[in-house]
Amino acid sequence: MRHAVALPLALWVWVIFHGSVLCQRPAVVNLGAIFTFDSVIGRPAKVAMEAAVSDVNSDPRILNGTKLNLITGDAKCNVFIGSIATFQVLERQVLAIVGPQSSSIAHMISQIANGLQVPQISYAATDPTLSALQFPFFLRTTHSDSYQMAAMADLIDFYGWKEVIVIFVDDDYGRNGIAALDDELDKKGSKISYKLSLPTEFNVTDFTEMLNKSKLIGPRVYVVHVNPDPSFRIFTVAQKLQMMTRGYVWFATDWLCATLDSFSPMNQTSLRFLQGVVGLRQHIPQSRKKDAFVSQWRKMQKKGLVNSGLNTYGLYAYDTVWALAYSIDEFFKKQGKVSFSASDRLLDIGATRLEKLEIFDSGDLLLRQLLQINFTGLTGPIQFDSERNLINASYEVINIVQTTIRGVGYWSNYSGLSVLPQEDIKSEQKRDSFQDQKLGNVTWPGGITEKPRGWEIAADERPLRIGIPRRVSFVEFVTELNTSHKVQGYCIDVFNEALKLVPYNVPHTFIPYGDGRFNPNYGELVQMVANDMFDGVVGDVAIVTNRTRIVDFTQPYAATGLVVVAPVHNTKLSAWVFLKPFTVEMWCVTAAAFVMIAVVIWILEHRVNDDFRGPPKRQLITMFLFSFSTLFKTNQEDTRSTLGRIVMVVWLFLLMVITSSYTASLTSILTVQQLSSPIAGIDSLIASDLPIGYQVGSFAFSYLKDSLYIRQSRLVSLGSPEAYETALRKGPSGGGVAAIVDELPYVELFLEKRKDFGIFGQTFTKSGWGFAFQKDSPLAADLSTAILRLSETGTLQEIHRKWFCEMGCPGWRQHKSEPNQLHMISFWGLYLLCGSITSFALLVFLLRTIRQFARYKRKQMETSPSVSSNTRCSQVIYNFFDFIDEKEEAIKKMFKQHENPQPQVS
């Protein structure tokens, strides 16, 4: 019985004891730390991590008695040595790796961490590509450079600069950071125009030569993204090259602040050569914990226990240890077990040293706990996003003024640029509210507070290469003199005058393009600008669509377009030329007006004027002779009625205007030059099968062939005004051309001394001449403004008169296939006035006549009672016309007799 009771009791005691052993936390857990001990980041990070381990181990609220043991390895800024140090640390069965500070070393260690399933958490590796899914065990308690480069792009865009030069270290940290900057600048419409890549251990002499060459490039905005450098070699070289002076802009990523913050205050007094540099520093909100730690650090500095200042990476290193402590504590609460097992893959290799490396069995559990942490450390909230980066990326914008680091604003991925830190910005503000993206005043290199232009078009060492067409015809526009090699012409004068209005110096040299025997091809000349063989082209360059795709043009300084030129001479006039001044509509309306006046005047004069009475045939002849004789003012009949005279006044005024216009138009038709060919413009030229001439090198050839689809066999190249004249005089039958298609300014100059040719039809392309520059060249915009000012002040017109108006300015002699005819639209007002007054006079006459007729009928009924009042309507109308036919004098006499009847004699 005793054995029956003792056996279960012993079993229960054994289970309880064994379970307590399994759940018991280890007394010590190892953490590995890989970093470069003697470095700007490593010195404060080492002290900060040791302080964090000490604080964790002394805090009874965490780890429940388990102590942290920090095992460090010196990477010595070398990937190979860092890898060896990592293997040595991992042999000690560490639960996690802290570091490294170098992104290049982090790439290598991340591969090792993946293989052994040991979480890796870095406080200084900022390469954006480390967030890739390729490195699942990598986390960082600092911000990715993808955020920093977004801040830098916003900063550059805030000041309106479109091109920058970058200086970067040629490793994973530098290359991938600049790639992120390039992407962000592209979103803003800006770009990196030149890259200066440096090896990790660069030679100052070689860098001096590289930096000096960059002065020959236009942009003066530099972005420096290198490893922390206590010697500031880049800025030292820039100062020697006079590049820390007025006109230059220098931006630096957070390496600069990390270096400056690690200096003691005494060492910062020698930093006057950094005057005007603008940099970024990871923003850490103010807090009591941070202030207490900084105060403790300063005390340690005074005691000589710390030989470095505290930078942001030291604070992140401190929080990294605490993040691991919290995660390990949760790891144990989740029944996590610290155990390691050998890797079959490493055993297969058979290397003795690698056999000591073991896989952390619960590494994925610890990684999950790390990803879920959420606490507030010295640097603010510590919480990871989906890409295993810290949330709420924020940077401070600093400006170095003499020896002072002055804050001028902040940037965050939430609010953008602002004078307020992210924690002070109201929650309703959005990232894209650009009105809040403002900064304080900045002192730039050279001590100026005005924003530098940020670029320099050219320097005396490298003037602008301006290509000009070496023309052999129409040299008034632009050419190079063969004797003196002097460049001159209308286009050159416009360019030089515009340069005087540009608010900066533009050193330049003209480079003629062409063989001197034929006009150069302008399409090839523009392409050379796009190919960086020329910086720009000055000349009679037409602004056409395909050219605007590869270069930037200024505002047009001359209007132009394609026109058709053909021969003209006087032709024989038709026997019916007298009909040409009026259109058919005009002739019809005028004839109708004569008829109307004849009828109306007859009606108004018939009752009062004997000249308009008599047999019907005589009245009809009189009526029309009177109307048409008004053309010559020889009327034998006079108008006696008041209404008739009013109508005649208006009619004679209309007739005076019509006859004067007819006479002028007929005179013009009898003297004007008429066309000698069937060509009326570009449409009739296309429809024909006649040969067409064009100027050598002009875009007219490609336009006629590619846009108007004219066969190339019909197109004949001509090289000079003399060749134009010869080809036109020969004509198609003599081996010449029927017409020439060229730009209007050339044609005007051609027609100035040649009266036998003219322009046919209208301009069928509208364009202009401008100066061409490389894409995104600021000079194109500034010269456009200058050209507008030249136009407003009349300078453009003066230059035009200087070159083309010595013998009188050339005009546009345009010829049309039909003479100018007089249209009804030009006279409808007069006809409307005449018709209205005539209709009104006729209406008044009818109303007065009807009133007299009514009175006559009443008197007739009173004197003759036998007259019936129920007369039919047709009879009334017949009587009315009889009444009208009577003379008005007889009617009045009749009314007078009725009013005064004679007494009868008995």
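1. Contact here means heavy atoms within 4.5 Å. The model is predicted. By that criterion, and leaving aside neighbours within four places in sequence, tyrosine 557 is in contact with Tyr490, Cys491, Val494, Gly539, Asp540, Trp769, Gly770, Phe771, Ile787 and Leu796.

2. On the chain as a whole: there are 28 helices and 32 strands. Of the 906 residues, 50% are buried. Among contacts with a separation of 6 or more, 73% are between residues 24 or more positions apart.

3. Tyr557 also appears in the largest nonpolar core, which has 84 residues. Phe477, Tyr490, Tyr557 and Leu779 have the most contacts inside this core. Helix α14 (residues 490-500) gives the most to the core, with seven residues. Another core, of 72 residues, lies apart from it and includes Phe35, Val47, Met49 and Ala323.

4. Is aspartate 540, one of the contacts of Tyr557, buried or exposed? Aspartate 540 has a relative accessible area of 1%, and the cut-off for buried is under 20%, so aspartate 540 counts as buried. The residue lies in strand β22 (residues 536-542).

5. Which side chains make polar contacts with the side chain of aspartate 540? One is that of arginine 471, at 3.1 Å. Another is that of tyrosine 522, at 2.6 Å. Not counting residues up to four places away in sequence, aspartate 540 touches Pro469, Arg471, Phe477, Val478, Cys491, Tyr522, Tyr557, Tyr746 and Trp769. Two of these, Phe477 and Tyr557, are named above for their contacts inside the largest core.

6. Helix α2 (residues 42-57) packs with α11 at an angle of about 35 degrees, the axes being 8 Å apart. The crossing is right-handed. From α2, the residues involved are Pro44, Ala45, Ala48, Met49, Ala51, Ala52, Val53, Asp55 and Val56; they meet Gly314, Ala317, Tyr318, Val321, Trp322 and Ala325 of α11. By class, this contact has 13 nonpolar, one polar and one charged residues. Met49, on the α2 side, is also listed in the core of 72 residues.

7. Helix α11 (312-333) returns in the surroundings of α13. In α13 (residues 363-371), the buried residues are Gly363, Leu365, Leu366, Leu367, Gln369 and Leu370. Their cover includes α11 together with the strands β4 (120-122), β5 (138-140) and β12 (358-360).

Conventions. Residues numbered from 1 in each chain as written. Predicted model: local features only at pLDDT ≥ 70, side-chain atom pairs only at ≥ 80, totals over all residues. Heavy atoms only, no water. Buried < 20%, exposed > 50% of the residue type's maximum accessible area, 1.4 Å probe, protein only. Helix = DSSP H or I, 4+ residues; strand = E, 2+ residues; numbered from the N terminus. Core = buried A, V, L, I, M, F, W, Y, C linked by side-chain atoms within 4.5 Å. Polar contact = N/O pair within 3.5 Å; in protein donor to acceptor, adjacent residues only side chain to side chain. Axes fitted to C-alpha atoms, helices over the stretch in contact; angles between N-to-C directions. Left-handed = near helix turned anticlockwise from the far one by under 90°. Nonpolar A, V, L, I, M, F, W, Y, C, P; charged D, E, K, R; others polar.
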